[in-house]
Amino acid sequence: MTRLDRVEQTRTLTPRTAVIWAVLRGELDRRPGERLTVLDVGGGTGGFAVPLAEAGHRVTVVDASPDALAALTRRAAEAGVADRVRALQGDGDALAGLVEPATVDLVLCHSVLEVVDDPAPVVAALAAALRPGGAASVLVAGRAAAVLGRAMNGHLDVAATLAADPHGSAGPRDTLRRRYDADGAAALLAAAGLTVEEVHGVRVLADLLPAAVADGQPAALVELERALAARSPYRDLAAQLHLFARRPA
Ligand SMILES: C[S@@+](CC[C@H](N)C(=O)[O-])C[C@H]1O[C@@H](n2cnc3c(N)ncnc32)[C@H](O)[C@@H]1O
């Protein structure tokens, strides 16, 4: 049993995390026994950073929020991995001043590209931080799910705005600046020189089900999410899209 096995056994996989962990697991399994250098941009309170550190990897979290970083530092200390987690306050598009270029094995950027001013420089900075052959795990908000969700809640005007907006935003009151379809997100990564290897849908069903079903059958839901994640058309209707990409060696 690997250290990641033990970490996974002690944590509950949810519809938000199971598909992403399965993809990351594939990358970690390619390099058994190696202690990877991981960078989590906008890593927040360490939902991924701390388990990766528990599995033996060295993780730097760059986040704009001092409060999130304080929570991350507490969480890492409680998990006994403070020595493997570094918290840096900073901007995703200014990584060059914080992280040595071409030194990172695995970069994570989850739920960040939809809130930054301009995603292109952030993705370029992620790519520059990676060693040749290093991998990127990028999670973005899905556009189709947002349109369907607004419509099903009766907000047809908002759904129409979102569907027509070139960036997939519902306007100034929207909490997200943009949303993606799979092709658009893949093109963003490709423009930074990354080769997209996998695209999965995250939360294909979870947000659509009545709470009684989601809460009553959590293991079955996770299993079904994993079964549908890579399959069209289910993937394209997911609340989030997960892209796994690599800097060419
Ligand atoms: C929605 S949270 C996602 C947190 C974590 N990645 C996750 O998936 O749970 C977005 C995070 O990105 C951070 N953030 C927003 N804009 C940023 C920027 N320009 N540079 C770095 N971090 C940023 C926020 O402080 C916040 O912690």
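Here is a short talk about the ligand site and about Asp 236.

Visitor: What kind of model is this, and how are residues numbered?
Guide: It is a predicted model, in which local features need pLDDT of at least 70, side-chain atom pairs count only at pLDDT 80 or more, and totals for chains, interfaces and linings use all residues. Residues are numbered from 1 along each chain as its sequence is written, and side-chain values use heavy atoms, with hydrogens and water left out.

Visitor: Which residues surround the ligand most closely?
Guide: The closest are Gly 42, Asp 63, Ala 64, Gly 92 and His 110, out of 14 residues around the ligand. To be near, a residue needs a heavy atom within 4 Å of the molecule.

Visitor: What makes the pairing of His 110 with the ligand a polar contact?
Guide: A polar contact is a pair of N or O atoms within 3.5 Å; within protein, one must be able to donate a hydrogen and the other to accept it, and residues adjacent in sequence count only if both atoms are side-chain atoms. A backbone N or O atom of His 110 lies 2.9 Å from a ligand nitrogen, so the pair fits the definition.

Visitor: Why is Asp 236 called partly exposed?
Guide: Its relative accessibility is 28%. Buried means under 20%, exposed over 50%, and partly exposed in between (1.4 Å probe, protein chains only), so Asp 236 counts as partly exposed.

Visitor: Which residues does Asp 236 touch beyond its neighbours within four places in sequence?
Guide: Asp 236 is in contact with Ala 144 and Ala 182, where contact means heavy atoms within 4.5 Å. The Asp 236 side chain also makes a polar contact of 3.0 Å with the side chain of Arg 235.
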